[in-house]
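Reader: I am new to this structure. Please take me through one part of it closely.

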Amino acid sequence: MNLVLGISMTSAAVRWVLVKGTTGEGATISRGSFGLHEAVDADDLLDVLLIDEPDNRTHAIGLTWTNEATDAASGVLEAVRARGYDNVIAVSELEAGDVLASGIAGIADYEDVAVCIVEPDAAVVAIVNSEETTVDRFGRPSDGSDVVELPSSVMAMLELDDWRPDSIFVVGSAEDLDLIKTTLEAVTDAPVFSAAEADLALARRAAPAPARAAINS
């Protein structure tokens, strides 16, 4: 069985999704997360994430991370390649956000959609309309003191050129995700939704990246 692994890393946690097939869009085989409150050995992490059984083969790996997790992610990339995995794709926060937002827009019954991916150390906001997808990033303080400021920044971005979203989706792994969603609901007339498996959103969208890279190469 061919499998694709999607991994997302922040300064606080690593999350992963293992899916069937070679496109990264298949059924989920396993998923999980754990905190990064202390330094984690990259090889120990890979022992948890990678399936090495005769009937299973990791076809490709997509890895995305926030700026604050760059050092840890670099260690994982080096360890993966040292094990002989050649099809490893590094996915930027903005690219993962773009893919996630486009995927949500494709299944939502709205023409103009905004997707806010809120992580402990950053938030990525993607605007999807009939013409393009625009993605921006907002850094977050470690104490989460931007719980009011962040929604205001998001709304300022969404309302540029008098654009108004038909709906806003809030996903991510931040502990204050629900509070940010509630604050957004208070400052916009658009319906605000929280997607299922929100904490795994970036990992799930990192998984298709190796397939896209192969197609585009």
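Which residue in β10 does Ile 168 stand opposite?

Author: Ile 168 stands opposite Val 192 in β10. First, the basis. This is a predicted model, where local features need pLDDT of at least 70, side-chain atom pairs count only at pLDDT 80 or more, and totals for chains, interfaces and linings use all residues. Residues are numbered from 1 along each chain as its sequence is written, and side-chain values use heavy atoms, without hydrogens and water.

Now the strand itself. β9 covers residues 167-172 (strands are DSSP runs of E, at least two residues; helices are runs of H or I, at least four; both are numbered from the N terminus). Six of its six residues are buried, meaning under 20% relative accessible area with a 1.4 Å probe, protein chains only. In a regular strand the side chains alternate between the two faces of the sheet. Here, both faces are covered. Ser 167, Phe 169 and Val 171 lie on one side. Ile 168, Val 170 and Gly 172 lie on the other.

Next, the neighbours. Two strands pair if DSSP finds at least two bridges between them. β9 and β10 (residues 192-194) run parallel, joined by three bridges. Between them the chain passes through helix α5 (residues 177-187), in a right-handed β-α-β crossover: with the strands pointing away from the viewer, the path from the first strand over the helix to the second runs clockwise. β6 (residues 113-118) also pairs with β9 in the parallel sense, over six bridges. There, Ile 117 stands opposite Val 171.

Finally, the wider sheet. It is open, with five strands in the order β8-β7-β6-β9-β10 and mixed pairing. β8 (133-139) and β10 are the edge strands, each pairing on one side only.

Technical notes: Buried means under 20% relative accessible area, exposed over 50%, partly exposed in between (1.4 Å probe, protein chains only).
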